[in-house]
Amino acid sequence: MDLIKQRKLDAGLVSDLFPEVDGIVIHMTYLRKGSNPVIMLRTVNVFPTTYAYFNMDCMMRGCTDGGFDLTPVITEMVREHKKLKKGTLVCSGENADLVSDHANIAYEVTIKFNKRASKTP
Ligand SMILES: [Zn+2]
């Protein structure tokens with residue numbers, strides 16, 4: 001079994017981890033250092049049946065073990081019942097040919113909560 005698949009299984013399903021979440025939409029703009037910074041735009045739709053694995057791959061060639069982990073962002077949003085959050089993340093990957101801030105993303109996360117979210121714990 002490959003590592004990513006194992007990590008997803010370890011993370012568990014969104015419905016198990018965040019039962020109050022109906023869905024999550026993650027908009028990302030991948031940026032790199034340089035004069036033509038936008039690499040790509042990406043939207044990820046997360047459903048209750050999706051694995052709660054929010055580590056997005058770095059798109060830079062040669063970047064090993066990098067990526068953008070949105071797990072802490074989403075975990076905090078769910079805990080605070082926050083519906084929208086924008087921010088940036090810097091790739092944590094390291095490579096001799098790449099500078100440490102070689103890539104980053106601008107993200108916008110929208111969470112839809114179900115009725116259980118309105119109950120106070
Ligand atoms: Zn990277």
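**Exercise 1. A pair of facing residues**

Task: Find the residue in strand 6 that stands opposite K86, then describe how the two strands involved are paired.

Solution. Start at K86, which stands opposite E108 in strand 6. Keep in mind that you are looking at a predicted model. Next, widen the view to the strands: strand 5 and strand 6 pair in the antiparallel sense, over seven bridges. In general, strands of a sheet pair through backbone hydrogen bonds, either parallel or antiparallel.

**Exercise 2. The chain at a glance**

Task: How many helices and strands does the protein chain have, and in what order do they come?

Solution. Count the elements to begin with: the chain has three helices and six strands. Then read them from the N terminus, which gives α-α-β-β-β-β-α-β-β. For the dimensions, the C-alpha trace spans about 50 × 35 × 20 Å along its principal axes. Of the 121 residues, 33% count as buried. Finally, look at the contacts with a separation of 6 or more: residues 24 or more positions apart account for 62% of them.

**Exercise 3. Building the sheet**

Task: Work out the strand order of the open sheet, and say which strands stand at its edges.

Solution. Step one is the order: four strands form the open sheet as 2-1-6-5, with antiparallel pairing. Step two is the edges: strand 2 (38–46) and strand 5 each have a single partner strand, so one side of each is left without a neighbour in the sheet. Step three is the twist, which averages 15° from one strand to the next.

Now take the pairing of strand 1 with strand 2. These two run antiparallel and are joined by eight bridges, with I26 standing opposite V44 in strand 2. They form a hairpin with five residues between them. In that turn, G34 has a positive phi of about 135°.

Last, add a helix to the picture. Helix 3 (residues 71–80) lies across strand 1 (21–32), strand 5 and strand 6. Its direction is about 30° to strand 6.

**Exercise 4. A loop residue and its contacts**

Task: Is N95 buried, partly exposed or exposed, and which residues does it touch beyond four places away in sequence?

Solution. First locate N95: it is found in the loop between strand 5 (84–90) and strand 6 (103–113). Its relative accessible area is 24%. Buried means under 20% and exposed over 50%, so N95 is partly exposed. Leaving out residues up to four places away in sequence, N95 touches G62, C63 and T64. To finish, compare sequence with space for one of these: N95 and C63 are 32 residues apart along the chain, and their C-alpha atoms are separated by 6.0 Å.

**Exercise 5. Two positive phi angles**

Task: Where do D65 and H81 lie, and how exposed does each count?

Solution. Begin with D65, in the loop between strand 3 and strand 4. D65 is not a glycine, although it has a positive phi of about 60°. Its relative accessibility is 69%, so it counts as exposed.

Go on to H81, in the loop between helix 3 and strand 5. H81 is not a glycine either, and it has a positive phi of about 55°. At 33% relative accessibility, H81 counts as partly exposed.

**Exercise 6. Two pockets**

Task: What are the volumes of the largest and second largest pockets, and which residues are closest to the centre of each?

Solution. Here is the idea behind the search: rolling a probe the size of a water molecule over the atoms shows where empty space is left.

The largest pocket holds about 280 Å³ of space. It is lined by 13 residues, and those closest to its centre are K8, R42, Y53, N55 and M56. Helix 1 (3–11), strand 2 and strand 3 (55–56) each supply at least two residues of this lining, and the largest share, four residues, comes from strand 2. Sorted by class, the lining has seven nonpolar, three polar and three charged residues.

The second largest pocket holds about 200 Å³. Of its 15 lining residues, the closest to the centre are N55, D57, D65, G66 and G67. Helix 1, strand 4 (68–69) and strand 5 each supply at least two residues. By class, this lining has seven nonpolar, four polar and four charged residues.

Definitions and conventions: Residues are numbered from 1 along each chain as its sequence is written. This is a predicted model: local features need pLDDT of at least 70, side-chain atom pairs count only at pLDDT 80 or more; totals for chains, interfaces and linings use all residues. Side-chain values use heavy atoms; hydrogens and water are left out. Buried means under 20% relative accessible area, exposed over 50%, partly exposed in between (1.4 Å probe, protein chains only). Contact means heavy atoms within 4.5 Å. Two strands pair if DSSP finds at least two bridges between them. Axes are lines fitted to C-alpha atoms, for helices over the stretch in contact, and angles run from 0 to 180 degrees between N-to-C directions. On a 1 Å grid over the protein atoms alone, a cavity is a set of points where a 1.4 Å probe fits but cannot get out, and a pocket is an open set with protein on both sides within 12 Å along at least five of seven lines; lining residues have an atom within 4 Å of a point. Grid points are joined across faces, edges and corners, and a volume is the space filled by probe spheres set on the points. Ala, Val, Leu, Ile, Met, Phe, Trp, Tyr, Cys and Pro count as nonpolar, Asp, Glu, Lys and Arg as charged, and the others, Gly among them, as polar.
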